[in-house]
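Here is a set of short exercises to work through with the model open beside you. Try each task yourself before reading its solution.

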Amino acid sequence: MRSDESRAKLGVGSSALLTAALAVASLGASGLAMASDPVVFSFATVGDSRQDPASFDPTTALAVGAAGGTDQASAPGYPSLTGTLLPQDAQWLTSTKPFARILRTIQTEKPNLLVFNGDMIYGYGRPELPPQLASITTLPTLMKTDAVFEYLQYAFWRGIVAPLFETGTYVVPVPGNHETQCNSSKSTNNPNNCASGKAAYPENEQAFLANMGDLIEDIQVNERFQTVTGAAPVPINGFTSATAPATGGNNGPLNANETELSYSFDITPAGTTTPELLHFVIINTDPSGADATAPSDWLAADLAAAKQRAAAAGAIPKYFVFGHKPAFTYDYNLVNSKGSNQPVSPGGLDANTGVDPAASVSTDGVTIPTGGSYRNAFWGVIAHYNATYFSGHEHIVNVQAIADPTKSSTNTPYQVIVGAGGSPFDDTLAPGNAEPVPFTNPWDRFYGWALVQVHQSGAVTLSVQGFNDGATFNPNTGAISSLGASGPLQLLYSIPSLQ
Amino acid sequence: MKNKVLMAGIVIAAAALPGMASAAFVLDTGTPTSNAMAMSLDSGDFYAAEFSLAAGSTVTSIQAYITNAFFADSPNDTFTLAIYSGNNFLNNRNAAAVFATQGSYQSDGWNGANGLSWTASTGGNYWAAVEINPPADSAVQLALPSPTSGGTVAAKDFAFNDGSGNGYSDAGALPFGIQVTATAPVPLPPTLWLFACGALGLGFGVRRKGDSAAA
């Protein structure tokens, strides 16, 4: 067991390695324990299945040409680093092959929920009725306008996940920055009606709700949630404007209605030895008016109320929070002595500097100093409740126990990044298409997802499974010697006691 | 007279002994060095290892090193153990097993099936596969730890099938623990030679007794 002091001193890289080592050491024993401790409720979570029309990962490119070849390296349809993007993926901008394999395996595991942590579409446009509509005179141009183009991407994604409902898994959507933001630098925007740079817009949030809202509202109306999962959801916050995050303070300067963009619900699983209250919270980390923030004041009140409900029911609470952007950016770059490889720039909630949230956040009778940081306010709340935070955004898998930077709590809750649902890997291939060896973590170029299982005893376990890009390479130089369709399915992380 | 009967018995027993050949590993990758960081085996992901087998050899046991990892499979959950011919096996979506049976998971370690009696009609390379094929198999997901060490008969190659429809591929495949035991075919010519020697010896002894009696 690490001391609190040593936890605080752990850097991102060393923390990841230690977590992996702990997982290795504990896996055997925990596996034995689990065999006699049945699973009573489980959920899978992953994010980022969107493809990139310009910067796709070369390992997802396919060879084209005449049929008849037998060598995988050159046969049509097989992976080729110099190939092209599958037309299907280029049109609907989903990385279908790895995402479909992930979903297929999740279906065999039959979790009750799949929480998808955002970036289900490439998006990045401004899905509104364009002022230039009168000048759009051809059907192809109309079909490429932001609203139509994004709605098509949403529909394609909804079709891909539809079979999960038939095998007992309900899909819970989380908004990501590719859904809520418009990016002026993207050539796919038509017409380009967003301001310079990247920013979230109310139209984007409403487009998300127009295409995902039925899944969220069913938590209230329960038309199919319970029949799919076997568990009755209890909607708590975020389903009306009165209970959605309000602007100001540690929620950030929101400028639109956040109803059903940040929301929460309870599930009380049957069959536990002692009553358990599972509290699920979805947060929008790129709301209109407050990009790269978490609604920490709203979250603090929501978790405090969940704790009180559990106490009133004589239940043990478990807190699971899902957002698109990580609180702490995982640095997958190894900085070499020549300085040619630089640390990864913060891209999560830690990217939001130069703003001034409230000086503190209050919850459960404690006051947590934010130090002027949205990230600190958020993680201080997460740590107080020892919640687990699941995110995407970084196209990578990484599991870390992270100390509370506000030092208000000695808890070291887990941040679980599972943004490797098919989108181009953040740890990109080196020039010449070599793997970026040595990896900071051997799983840095693995597609992967998390499976969380709540057991009869109340124990909560986490496993992250995945497969690599199919490359066989020299571990010293990274030179790729062959490229298969995909790699074998492997266990990447195993945490025997998540909370 | 008693000596002749005893001698005849020894000769017959000697002739029969080669037919009771003992079983030996024809594939033994050794035990995985850890239970952790394993490959995940489910209905969409299969694994196989290549080995060679002489014509007439009979496979009597297939064991794979399996853990339940985090997937809480129960004792007696079943999976499939299959043997494929090495001819045109890789990247063949239509490869058909020449033999298949069910194994059962009991506890972390070597799990599989004993008491098998499949005989290879032709010698050559074969693949031993570990698969979960619902609905016949009750296991949902098992784990195959990697890497291995200390084996006595190394695998010629490893392959996995990710369920994408292209069959097994050896590109990027990782080693896992698997053992195949077989009995060698009966070496017929030496048996006959030994039997013939015994018969000749017996005949020679009878003739000498006859000669002595005549004198």
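## Exercise 1: The surroundings of B:Asp157

Leaving aside neighbours within four places in sequence, B:Asp157 is in contact with B:Glu50 and B:Asp170. Keep in mind throughout that this is a predicted model.

**Task.** Find where B:Asp157 sits in chain B, and decide whether B:Asp157 counts as buried, partly exposed or exposed.

**Solution.**
- Start with the chain: B:Asp157 lies in the loop that links β11 (148-153) to β12 (158-161) of chain B.
- Next, count neighbours: B:Asp157 has 18 C-beta neighbours inside 10 Å. A residue needs 20 or more to be buried, and 12 or fewer to be exposed, so B:Asp157 counts as partly exposed.
- Finally, check a distance: B:Leu174 is 17 residues away along the chain, and the two C-alpha atoms are 9.3 Å apart.

## Exercise 2: The strand after that loop

**Task.** Work out which residues of β12(B) are buried on each side, and which strand is joined to β12(B) by four bridges.

**Solution.**
- In a regular strand, side chains alternate between the two faces of the sheet.
- Apply that here: B:Phe158 and B:Phe160 are buried on one side of β12(B), while B:Ala159 and B:Asn161 are buried on the other. Both faces are therefore covered.
- Now look for the partner: β3 (residues 46-53) of chain B pairs with β12(B) in the antiparallel sense, over four bridges.
- To find one bridge on screen, go to B:Ala49, whose partner in β12(B) is B:Phe158.

## Exercise 3: Two helices of chain A

**Task.** Compare the end-to-end span of α8(A) with that of a straight helix, then do likewise for α10(A).

**Solution.**
- Helix α8 of chain A covers residues 202-221, and its 20 residues would reach 28 Å if straight at 1.5 Å a residue. Its end C-alpha atoms are only 25 Å apart.
- Look for a bend: α8(A) turns by about 70 degrees at A:Met212. A:Met212 is also one of the buried residues of this helix, which include A:Phe208 and A:Ile216.
- Helix α10 (residues 296-313) of chain A has 18 residues and spans 25 Å, close to the expected 26 Å.
- Then ask what α10(A) rests on: its buried residues, among them A:Trp298, A:Leu299 and A:Leu303, pack against β7, β8, β9 (316-322), β10 (360-363) and α11 (374-384) of chain A.
- Look just past the ends: A:Asn222 follows α8(A) with a positive phi near 55 degrees, and A:Gly314 follows α10(A) with a positive phi of about 65 degrees.

## Exercise 4: An open sheet in chain A

**Task.** Which strands stand at the edges of the open sheet that holds β6 and β13 of chain A, and why is one side of each without a neighbour?

**Solution.**
- Write down the order: seven strands of chain A run β6-β7-β8-β9-β12-β14-β13, with mixed pairing.
- Read off the ends: β6 (234-235) and β13 (397-401) each have a single partner strand, so one side of each has no neighbour in the sheet.
- Zoom in on one pair: β7 (residues 263-267) and β8 (residues 276-282) of chain A run antiparallel and share five bridges. One of these places A:Phe265 opposite A:Phe280.

## Exercise 5: Unusual backbone angles

**Task.** Locate A:Pro191, B:Pro135, A:Leu93 and A:Asn386, and say what stands out in the backbone of each.

**Solution.**
- Most residues other than glycine have a negative phi, and most peptide bonds are trans.
- A:Pro191 is in the loop between β4 (181-183) and β5 (198-200) of chain A; the bond from A:Asn190 is cis, with omega near -15 degrees.
- B:Pro135 is in the loop between β9 (124-131) and β10 (141-144) of chain B; the bond from B:Pro134 is cis, with omega near 5 degrees.
- A:Leu93, between α3 (87-92) and α4 (96-109) of chain A, has a positive phi near 55 degrees. With 27 C-beta neighbours inside 10 Å, A:Leu93 counts as buried.
- A:Asn386, between α11 and β12 (388-391) of chain A, has a positive phi of about 50 degrees. A:Asn386 is partly exposed, with 17 other C-beta atoms within 10 Å.

Notes
Residues numbered from 1 in each chain as written. Chains lettered and ligands numbered in written order. Predicted model: local features only at pLDDT ≥ 70, side-chain atom pairs only at ≥ 80, totals over all residues. Contact = placed C-beta atoms within 7 Å. Expected span 1.5 Å × (residues − 1). Bend = angle between axes of the 7 residues up to and from the residue. Pairing = 2+ DSSP bridges.
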